[in-house]
Amino acid sequence: MKKKILVTGGAGYIGSHTTVELQEAGYEVVIVDNLSNSNLGVVEGIERITGIRPAFEQIDCTDKKGLTEVFNKYPGINGIIHFAASKAVGESVHKPLLYYRNNIVSLLNLLDLMPEYQVKGIVFSSSCTVYGQPEKLPVDETAPIQPALSPYGNTKQIDEEIIRDALNAGLPYKSIILRYFNPIGAHPSAEIGELPNGVPQNLVPYLTQAAIGIRKELSIYGNDYNTPDGSCIRDYIHVVDLAKAHVIALDRILENKSESRLEYFNLGTGKGVSVLELVYAFERATGVKVPFKIVGRREGDIEQIWADSRYANEVLGWKSVETIEDTLKSAWRWQLKLRENGIM
């Protein structure tokens, strides 16, 4: 019998790619998503790729009654992958209460319900923002947690602490916390990709929209950081590589391979790329020029961070394989598909 997995935020960017990988690995997926930053067409894209339409419920994870109804409707959920959250650093600075409400209450509801429905474990979508500006680079899982530079980053730190405290109190499940670096790109089929509602908050969708003429130009926030070209440095990882890590983490929990009830893994390529380097890499990979301008720094941004992924490579048995050029090509194919379909 296929194991049943609840994917919160499964119509979103990372959630949809992970749903594809889960289905292709033989899992049965139930998606819960409030569609605040996604749309139902993503579910159709998942079906076109896999031939399987995942179950879908339009529920906000802050609605505990609604979540309870999902568990009752789909009995036997074995595990949860929790993506559902507000995720834009800049927006969180201006709307902190929205971020604290969405990102913390949703997790509390799930952790409350898991014992009642005998859910074995939860894979939590965290972020390298928990490290703040690291004291040394690359950053590994033993690096100290720094004071958060944004409400978004703080919600991830608080959520990690909540999971740790719940497990220390003896609640009967396991968890793997995956700290992402910067996911970009799209599925090679161009059936799903990053499609935020409204103006993109993330770099690459704004970049591709500028390249295709939807946006006048890309704003690069600061060129006076202490980096080789003055722009911020990040570790950009292909979203499909990232999605595959979730399946491995879930397998690890459900097959009792985890070494403890709570584990942490960094997911990145191990290489830092500046914002300007990313723009030039896109231009080389696609032959398309990106109009951009340098503007002032953005509040909440970390100067530079990239992963030491050796622990995930060795213990989790996962590594990123896609090059930055191929990843950017996939993002451009997705943008062209959106234009072809008359979406944008």
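Modeller: Buried means a relative accessible area under 20%, exposed means over 50%, and partly exposed lies in between. The structure under discussion is a predicted model.

Biologist: Does N78 count as buried or exposed, and at what relative accessibility?

Modeller: N78 is found in strand β4, residues 77-82. Leaving aside neighbours within four places in sequence, N78 is in contact with K3, K4, I5, V119, K120, G121 and L254. Its value falls under the 20% limit, so N78 counts as buried, at a relative accessibility of 18%.

Biologist: How many helices and strands does the secondary structure of the protein chain come to?

Modeller: The elements include strand β4, in which N78 is found, and helix α1, in which H17 is found. Over the protein chain, the secondary structure comes to 11 helices and 13 strands.

Biologist: What is the radius of gyration of the protein chain, and what does the globule rule give for 344 residues?

Modeller: Along the principal axes, the C-alpha atoms fill a box of roughly 55 × 45 × 40 Å. The chain is as compact as a globular protein of its length, because its radius of gyration is close to what the globule rule gives for 344 residues. The two values are 19 Å for the chain and 20 Å for the rule.

Biologist: What share of the contacts with a separation of 6 or more is due to residues 24 or more positions apart?

Modeller: Of the 344 residues of the protein chain, 57% count as buried. Among contacts with a separation of 6 or more, the share of residues 24 or more positions apart is 81%.

Biologist: How far apart are the mean positions of the positive and negative charges of the protein chain?

Modeller: The protein chain exposes about 14,300 Å², of which carbon and sulfur atoms supply 49%. The chain has 36 positive and 42 negative charges. The distance between their mean positions is 2 Å.

Biologist: Why is α8 largely enclosed by the rest of the structure?

Modeller: Helix α8 covers residues 239-254 and reaches 23 Å from its first C-alpha to its last, close to the expected 22 Å. The helix is largely enclosed because, of its 16 residues, the number buried is 13.

Biologist: Which residue with a positive phi follows α8?

Modeller: The residue lies in the loop between α8 and β11, residues 262-267. Its phi is near 55°, a positive value in a residue other than glycine. With a relative accessible area of 57%, over the 50% limit, this residue is exposed. It is N256.

Biologist: Is L35 buried or exposed, and what is its relative accessible area?

Modeller: L35 is found in the loop between β2 (28-32) and α2 (41-50). L35 is other than glycine and has a positive phi, near 60°. L35 is buried, with a relative accessible area of 17%.

Biologist: Which elements do the buried residues of α6 pack against?

Modeller: Helix α6 has 18 residues and reaches 25 Å, close to the expected 26 Å. Its buried residues include P151, Y152, G153, I162, I163 and L167. The elements they pack against are α4, α5, β5, β6 and β11.

Biologist: What is the omega of the peptide bond from L137 to P138?

Modeller: P138 has its place in the loop between β5 (121-127) and α6 (151-168). The bond from L137 to P138 is cis. Its omega is near -5°.

Biologist: At what relative accessibility does H17 count as buried?

Modeller: H17 is found in helix α1, residues 13-24. Beyond its neighbours within four places in sequence, H17 is in contact with A186, H187, I192, G193, V239, V240 and A243. H17 counts as buried at a relative accessibility of 0%.

Biologist: What distance separates the C-alpha atoms of I184 and I162?

Modeller: I184 lies in strand β7, residues 182-184, and counts as buried at 4% relative accessibility. Among its contacts outside its neighbours within four places in sequence are Y13, V204, Y236, L278 and L328. I184 and I162 are 22 residues apart along the chain, and their C-alpha atoms are separated by 28 Å.

Biologist: How far apart in space are N341 and G300, C-alpha to C-alpha?

Modeller: N341 is found in the segment after α11. N341 is partly exposed, with a relative accessible area of 45%. N341 and G300 are 41 residues apart in sequence, and their distance in space is 36 Å.

Notes
Residues numbered from 1 in each chain as written. Predicted model: local features only at pLDDT ≥ 70, side-chain atom pairs only at ≥ 80, totals over all residues. Heavy atoms only, no water. Helix = DSSP H or I, 4+ residues; strand = E, 2+ residues; numbered from the N terminus. Expected span 1.5 Å × (residues − 1). Buried < 20%, exposed > 50% of the residue type's maximum accessible area, 1.4 Å probe, protein only. Rg over C-alpha atoms; globule rule 2.2 N^0.38 Å. Contact = heavy atoms within 4.5 Å. Areas by Shrake-Rupley, 256 points an atom, 1.4 Å probe, with all protein chains shown as cover. Lys, Arg positive; Asp, Glu negative; His and termini not counted. Charge placed at Lys NZ, Arg CZ, Asp CG, Glu CD.
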